[in-house]
Amino acid sequence: MKVTPVSKIVGAEVTGVNLSDPITEDTKRGLRQALLDHQVLVIRDQTLTPPQQVTFSAIWGDLETPSNIDYTTEETPKVMILSNEIRPDGTAVGVVDGGDFWHSDSSHIEVPSAITILQAVKNPERGGDTEFCNMYAIYEALPHDLKQKIDGLYGIHHVSKVKNRRVTISPDRPGAKDFYESSAKAKPEVIQPLVLTHPETGRKSLYCSPRFTIGIQGMSEEEANPILDVLFSHVTDRKRPYHYRHKYQDDDLVMWDNRCLCHRAVGGYGLPDIRRMHRTVIGGDQPYAEQQAT
Ligand code: SIN
């Protein structure tokens, strides 16, 4: 197995492994270390079927079950389809607008996702990249007084786009407006430490995102928003100093660590050009709010 960094700040390409074979302890150890060192792994030349993707994903921990069964594969409900493809009857094959704003997966639930895995099944001719942002690097580069100010604070996270002035609802996803309106009432707000200590590396990273973080516990909107604006400005910085933009090749399998990264789906493609990704997610093992308190 060969691991080659794809940028100075985040991401590495992995070649010389076949993930459809049984994974040896050596390969698992090598991949884990590479993930902890580089946060995003681009594993080339993989064509995992949905059941094979589940088998590979399950070596990292318990898989999350996608919330919407309508957009999972026929072979297994553990694999979610991200796609812009439309069936002849007009129904969508997958989630069209998944991940369109900077976020860390499922930070809006008490125990957020640890690792996400995408198998590229069909890449569009143009567009369809995923961008990643190294949240360790952002935290480390913050001025000392800002670090002191946010250390020990908790961000308020929520899934509903209706509650978040920084995002918009894509017109392309059927039923999205209704979903976000009902989830604004039905889903609870969740708190997460603004500075997260990674459970495996022990390194501190900024843990908040324009997509899911809507406030800071114990602060008014007037107090919290200027702080969040400064923090998010590093994530969205046009110069992309802490970032890696992945342009998919055929048969890429990409896995990333949500505990120290934000990411977003860049878009930029449209029918008849099709993008199809198969997504599995490994859940975390304890609430970060509790972990930070102990
Ligand atoms: C995601 O946010 O999990 C998906 C990203 C992508 O489709 O590029």
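Phe-132 stands opposite Tyr-244 of strand β12 in this predicted model. Phe-132 belongs to strand β6, which spans residues 130-134 and has five of its five residues buried. The partner strand β12, residues 243-246, pairs with β6 in the antiparallel sense over four bridges. β6 is also joined to strand β14, residues 261-265, by five bridges, and these two strands likewise run antiparallel. Within that pairing, Glu-131 of β6 has Arg-264 of β14 as its bridge partner.

The side chains of β6 can be followed along the strand. In a regular strand, side chains alternate between the two faces of the sheet. In β6, Thr-130, Phe-132 and Asn-134 point one way, while Glu-131 and Cys-133 point the other way, and all of them are buried.

Attention now turns to the nonpolar interior. The largest nonpolar core has 22 residues, of which Ile-138, Ile-150, Leu-206 and Leu-231 touch the most other members. Helices α3 (135-141), α4 (144-150) and α6 (221-236) each supply at least two residues of this core, and α6 gives the most, with six residues. Leu-231 illustrates how distant parts of the sequence meet: leaving aside its neighbours within four places in sequence, Leu-231 is in contact with Leu-142, Leu-146, Ile-150, Leu-194, Leu-206 and Cys-208. A second, separate core consists of 21 residues, among them Leu-41, Trp-60, Ile-117 and Met-255.

Aromatic rings add a further set of contacts, with four aromatic pairs in the count. One of these joins Phe-56 to Trp-60 in an edge-to-face arrangement, at 6.0 Å centre to centre and with 80° between the planes. Both Phe-56 and Trp-60 are buried. The rings of Tyr-207 and Tyr-288 have centres 5.4 Å apart and planes at 90°, and this pair is therefore edge-to-face as well. Because Tyr-207 lies in the loop between β10 (204-206) and β11 (213-216), and Tyr-288 in helix α7 (residues 288-293), the pair ties together parts that are 81 residues apart in sequence. Tyr-207 has a relative accessibility of 3% and so counts as buried, since the limit for burial is under 20%. Tyr-288, at 3% relative accessibility, also counts as buried.

Two basic side chains lie over aromatic faces. Lys-147 lies over the face of Tyr-139, at 5.3 Å from the ring centre. Arg-203 lies over the face of Tyr-136, at 3.9 Å from the ring centre.

Terms used
Residues numbered from 1 in each chain as written. Predicted model: local features only at pLDDT ≥ 70, side-chain atom pairs only at ≥ 80, totals over all residues. Heavy atoms only, no water. Buried < 20%, exposed > 50% of the residue type's maximum accessible area, 1.4 Å probe, protein only. Pairing = 2+ DSSP bridges. Core = buried A, V, L, I, M, F, W, Y, C linked by side-chain atoms within 4.5 Å. Contact = heavy atoms within 4.5 Å. Phe/Tyr/Trp six-rings, centres within 6.5 Å; stacked < 30°, edge-to-face > 60°. Lys NZ or Arg CZ within 6 Å of the ring centre and 35° of its normal.
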